[in-house]
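Here's a quick tour of this protein for anyone about to work with it at the bench. Have a look at the fold first, then follow the notes below.

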Amino acid sequence: MPQVKAICMSEKKGIKKEVDSILLIENFGIQNDFHAKKDSDRQVSILTYEIFNNKKIELVKNNINISYGIFGENIILDNINFNDIKIGNKFIFDSGVELEIKIIGKDCKIPCIIQKKTGNCIMPEYGIFCRVIKGGIIKNGDSCYYC
């Protein structure tokens with residue numbers, strides 16, 4: 001069963017900081033997060049732990065200090081296969097929070113620090129972007145199911 005490995009947020013654009021929990025607001029996003037916006041298809045960003053960890057190894061080799069939130073992701077989920085992710089499917093968390101997958105990958109218009117130092121980033125290919133269907137609180141360690 002997928003589990004929340006880390007939660008990150010930031011009031012400004014860029015690297016997000018790890019937090020213990022977040023409040024998600026229906027059709028808006030994470031309270032006090034830079035990317036929260038009504039009717040957006042990118043209210044919440046997710047990475048799988050496996051993909052994050054694989055990229056972490058490469059970044060450490062390039063002397064880049066890596067921490068959760070460096071890619072601007074809000075949630076890192078463990079025990080989920082990226083290849084099973086499909087647009088239109090949902091993550092439903094223990095608390096009842098529902099996130100619908102709207103976009104997989106994104107175009108990066110301005111190179112981030114990761115792209116500048118290594119030549120590539122994982123969000124354009126592996127970023128999962130969701131809309132909040134049902135709000136509530138998500139905490140580190142919470143489980144969810146994917147449907």
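Let's start with one strand pair: Phe93 sits across from Cys144 in E11. That facing pair fits into an antiparallel pairing, with 3 bridges joining E7 to strand E11 (residues 144–146). Keep in mind that this is a predicted model.

**Overall layout**

- The protein has 3 helices and 11 strands.
- Reading from the N terminus, the order is β-β-β-β-β-α-β-β-β-α-α-β-β-β.
- Of the 147 residues in the protein, 45% are buried.
- Take the contacts with a separation of 6 or more: 67% of them are between residues 24 or more positions apart.
- The accessible surface is about 7,800 Å², and carbon and sulfur atoms account for 47% of that.

**Around strand E7**

- E7 has another pairing, with E8, which is antiparallel and spans 3 bridges.
- E7 and E8 make a hairpin with 4 residues between them.
- In the turn of that hairpin, Gly96 has a positive phi of about 100°.
- Lys90 faces Glu100 in E8, but the salt bridge that Lys90 forms is with Glu98, where the closest N and O atoms are 3.6 Å apart.
- Is Lys90 buried or partly exposed? Its relative accessible area is 26%, so Lys90 counts as partly exposed.

**The nonpolar core**

- As a rule of thumb, nonpolar side chains in soluble globular proteins tend to be buried together.
- Here, the largest nonpolar core holds 37 residues, and the ones touching the most other members are Phe71, Phe91 and Leu99.
- Several elements give two or more residues to this core, among them helix H1 (49–61), strand E1 (3–9), strand E5 (44–48) and strand E9 (128–134).
- The hairpin strands E7 (90–93) and E8 (98–104) are also on that list of contributors.

**Thr48, a buried spot**

- Thr48 lies in strand E5.
- Why does Thr48 count as buried? Its relative accessibility is 2%, and the cut-off for buried is under 20%.
- Which residues does Thr48 contact, leaving aside neighbours within four places in sequence? They are Ile76, Leu77, Ile80, Phe82 and Ile128.

**A nonpolar patch on the surface**

- Leu23, Ile25, Phe28 and Ile137 make a nonpolar surface patch of about 300 Å².
- Leu23, one of these, belongs to strand E3.
- With a relative accessibility of 35%, Leu23 counts as partly exposed.

**Salt bridges**

- Side chains of opposite charge can pair when their charged atoms come close.
- How many salt bridges does the structure hold? There are 3.
- One of them joins Asp33 to Lys16, with the closest N and O atoms 2.9 Å apart.
- That pair ties together distant parts of the chain: Asp33 is in the loop between strand E4 (29–30) and E5, Lys16 is in the loop between E1 and strand E2 (17–19), and they are 17 residues apart.
- Asp33 and Lys16 are both buried.
- Arg131 and Asp41 also meet through their side chains in a salt bridge, at 2.8 Å from N to O.
- This pair, too, links distant parts of the chain, with Arg131 in strand E9 and Asp41 in the loop between E4 and E5, 90 residues apart.
- Asp41 counts as partly exposed, with 29% relative accessibility.

Conventions:
Residues are numbered from 1 along each chain as its sequence is written. This is a predicted model: local features need pLDDT of at least 70, side-chain atom pairs count only at pLDDT 80 or more; totals for chains, interfaces and linings use all residues. Side-chain values use heavy atoms; hydrogens and water are left out. Buried means under 20% relative accessible area, exposed over 50%, partly exposed in between (1.4 Å probe, protein chains only). Contact means heavy atoms within 4.5 Å. Accessible areas come from the Shrake-Rupley method with a 1.4 Å probe; for residues, only the protein chains shown count as cover. A nonpolar core is a set of buried Ala, Val, Leu, Ile, Met, Phe, Trp, Tyr and Cys residues joined through side-chain atoms within 4.5 Å. Patches are made of residues with over 30% relative accessible area and no salt bridge: like charges are joined within 9 Å, nonpolar side chains (Val, Leu, Ile, Met, Phe, Trp, Tyr) within 5 Å. A salt bridge is a side-chain nitrogen of Lys or Arg within 4 Å of a carboxyl oxygen of Asp or Glu. Two strands pair if DSSP finds at least two bridges between them.
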